[in-house]
Amino acid sequence: MIYTCTITPSIDYTVYVPEFESGKLNRSEEVYYYPGGKGINVSRVLKRLGISNKALGYAGGFTGNYIEEFLKNEGVAADFIQTAQITRINVKIKSDKETELNGPGPELDAAQLAALTQKVQAMNENDWFVLAGSLPGSIPADYFVELATICQANGVRFVLDTSGPALESLVATPVFLIKPNQQELGELFGVEITSLRDAYFYASKLVAQGTEHVVVSMGGDGALLVTKDTALMAKAPQGTVVNTVGSGDSLVSGFIASYATDQDPALAFRYGVASGSATAFRSDLCRKEDVEKLLAEVEIYPYEEKDVTK
Ligand SMILES: Nc1ncnc2c1ncn2[C@@H]1O[C@H](COP(=O)(O)OP(=O)(O)O)[C@@H](O)[C@H]1O
Ligand SMILES: O=P(O)(O)OC[C@H]1O[C@](O)(COP(=O)(O)O)[C@@H](O)[C@@H]1O
């Protein structure tokens, strides 16, 4: 079974405004209320790709109920631990540029954390645990390291798509897949990543520390895969960008969906990048048919330092 875990879910209140002006009254005629948070997006895309999975995490209040109801209607299995706090609403303004306003995650007590630990302890060998989205600073980083250690001891594949201080402790534990975007990878090492060469350099450091697969996503420029055996670059397909929110999560879903079936990192990378782009070209998340149409358009070639000009 594949389990995703969203500590900080959200409703993504997505507003299209033709000409957004900060500091002015802007009216929109097109708004959507998508369930969000990275693990939830991974679960929704996995389901669309035909892969059964269960969404874990925390949810509360009327927004939490909305997310649970939405997932139920889409046939995504979920098992959230309840919070007294209302799950956040993240605002996504779509204009000539994309502006995002993400709220804080929940405050969790020891009993709520223990409830998640129990669920992780009950996972079986060859299950997957996808910890995705921001991890609130109020939870000690050690807690997430404990979850990673349980996964390692039980042969559960640990996938990480997060940012912030907890990420630093987690990359020192054995991780199957980590998918930072260029900026998140830079933050992790306290540098600004401005070139493919830098991305390769820092991704290789993570591989040297024991991460099996590092995918650095670079928006419309595609992505880089580094493992101990290979380094591949993928050029993203061209298309009309509608909403890139959830593209990174879709890349993770596509990678896992393909790897779970074929155990081939290069195929999984292609499927992941096609899924990320298929989501960028839609208002909501991608569908399987969108991904399969784009597969042949993903150009993959070996990363060679000598060929890199920047
Ligand atoms: N403008 C775009 N055009 C085509 N594909 C895109 C675009 N933006 C994102 N993607 C696809 O989605 C993947 C993840 O996007 P990215 O923005 O890097 O992730 P994140 O959402 O985590 O920041 C990219 O590797 C690419 O395949
Ligand atoms: O937990 P964070 O870092 O605040 O991010 C949450 C946001 O990320 C998303 O999951 C989208 O993530 P990506 O664009 O990186 O795929 C949104 O649905 C959500 O609003």
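How far apart do the C-alpha centres of domain 1 and domain 2 lie? In this predicted model, the C-alpha centres of the two domains are 21 Å apart. The domain assignment of the protein sets domain 1 at 1–21 + 29–157 and domain 2 at 176–310.

**Domain contact**

To the contact, domain 1 contributes 22 residues and domain 2 contributes 21 residues. On the side of domain 1 that touches domain 2, at least two residues each come from strand 2, strand 3, helix 1, strand 6 and strand 8 (128–132). Helix 1 has the largest share of that side, seven residues. Sorted by class, the side of domain 1 that touches domain 2 consists of eleven nonpolar, three polar and eight charged residues.

**The sheet**

Four strands form an open sheet in the order 3-2-6-7, and their pairing is mixed. Strand 3 (30–36) and strand 7 (98–101) are the edge strands, each pairing on one side only. From one strand to the next, the twist averages 20°. Strand 2 pairs with strand 6 (residues 89–94) in the parallel sense, over six bridges. Tyr13 is placed opposite Val91 in strand 6.

**Ligand surroundings**

The shells around the two ligands have the following make-up by class.

| Shell | Nonpolar | Polar | Charged |
|---|---|---|---|
| Ligand 1 | seven residues | ten residues | no residues |
| Ligand 2 | one residue | twelve residues | three residues |

Around ligand 1 there are 17 residues, of which Ser217, Gly220, Ser247, Gly248 and Gly276 come nearest. Two or more residues of this shell are supplied by helix 8 (247–262) and by helix 9 (265–280). The most come from helix 9, which gives four residues to the shell around ligand 1.

Around ligand 2 there are 16 residues, and those that come nearest are Gly36, Asn90, Gly133, Ser134 and Gly248. The elements giving two or more residues to this shell are strand 2 (10–16), helix 1 (38–48) and helix 8. Helix 8 gives the most to the shell around ligand 2, with three residues.

Why does ligand 2 lie between domain 1 and domain 2? Both domains give residues to the shell around ligand 2, so ligand 2 lies between them. Gly248 is listed among the nearest residues for ligand 1 and also among those for ligand 2. Helix 1 likewise recurs: helix 1 gives two or more residues to the shell around ligand 2, and helix 1 supplies seven residues to the side of domain 1 that touches domain 2.

Conventions
Residues numbered from 1 in each chain as written. Chains lettered and ligands numbered in written order. Predicted model: local features only at pLDDT ≥ 70, side-chain atom pairs only at ≥ 80, totals over all residues. Near = placed C-beta within 6 Å. Nonpolar A, V, L, I, M, F, W, Y, C, P; charged D, E, K, R; others polar. Domains from an automatic or database assignment. Pairing = 2+ DSSP bridges. Axes fitted to C-alpha atoms, helices over the stretch in contact; angles between N-to-C directions. Contact = placed C-beta atoms within 7 Å.
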